[in-house]
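User: Could you take a close look at the aromatic rings in this one and walk me through how they sit together?

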Amino acid sequence: MQDELREYLRKRDFATSGEPRGAAGSGSAAGREARFVVQMHDASTLHFDFRIEVGGVLKSWSIPKGPSVAPEVKRLAVPTEDHPVEYADFEGVIPEGEYGAGTVLVWDTGRYRHLSTDDLSAHEALERGRISIWLEGSKLRGGYALVRMGKSSGDWLLIKMRDEGADRRRKPTKTQPRSALSGSSLRELAAHGPEWR
Ligand code: MN
């Protein structure tokens with residue numbers, strides 16, 4: 001299991017980055033619903049990192065435009081390395097010179113359920129390149145599909161399903177930019193500097 005975090009651990013210097021070292025499997029206590037988190041990350045380019053807890057780690061995608069709540073809108077989601085479950089609570093400043101340097105804000109978080117159609121586990125569904133999930137966040141609610149576009153491209157799409165959580169008029173990435181954990185803005189977090197954790 002620790003193997004899943006090898007790339008995460010290799011890319012970072014935990015003496016300075018301020019991010020959690022974590023441990024694979026640390027968040028997967030039996031009977032707990034799995035977590036999801038969407039982090040706004042003001043790095044070399046502003047993007048959103050979408051992470052869902054599967055098998056004791058956070059499976060992760062980088063979403064340049066962020067998630068949409070409009071039904072059937074497809075957002076490019078580029079897979080990134082697995083993160084430890086503890087990362088779901090991380091917001092603050094990654095110092096210059098570190099991987100992903102910039103400000104991280106927990107834009108939305110909560111529990112999610114895997115909407116299994118054919119008795120596949122979430123892990124198996126991801127392996128096959130298609131998973132449907134139900135988010136219980138403060139900004140994102142309802143069904144989403146994550147679909148791999150093709151093995152050769154490796155890129156995925158995040159698609160909002162048609163349900164009560166869908167809304168064509170809402171643009172929460174623009175109108176609700178503050179942290180779901182602390183209520184802070186990116187600018188406020190950045191002003192605290194790398195010492196703020
Ligand atoms: Mn990122």
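Analyst: Let's start with one ring pair: Tyr 8 and Tyr 87 are both buried, where buried means under 20% relative accessible area, exposed over 50% and partly exposed in between (1.4 Å probe, protein chains only). Keep in mind that this is a predicted model, where local features need pLDDT of at least 70, side-chain atom pairs count only at pLDDT 80 or more, and totals for chains, interfaces and linings use all residues. Residues are numbered from 1 along each chain as its sequence is written, and side-chain values use heavy atoms, with hydrogens and water left out.

Searching the whole structure turns up five aromatic pairs; rings of Phe, Tyr and Trp (its six-membered ring) pair if their centres lie within 6.5 Å, and planes under 30 degrees apart count as stacked, over 60 as edge-to-face and the rest as tilted. One of them joins Tyr 8 and Phe 14: the ring centres are 5.8 Å apart and the planes meet at 40°, so this pair is tilted. Phe 14 is buried, as is Tyr 8. Tyr 8 also pairs with Tyr 87, this time edge-to-face, at 5.9 Å centre to centre and 85° between the planes. That pair links distant parts of the chain, 79 residues apart: Tyr 8 belongs to helix H1 (residues 6-11), while Tyr 87 is in the loop between strand S4 (74-84) and strand S5 (92-94). Helices (H or I, at least four residues) and strands (E, at least two) are DSSP runs, numbered from the N terminus. Put together, ring pairs tie Tyr 8, Phe 14, Tyr 87 and Phe 90 into a cluster.
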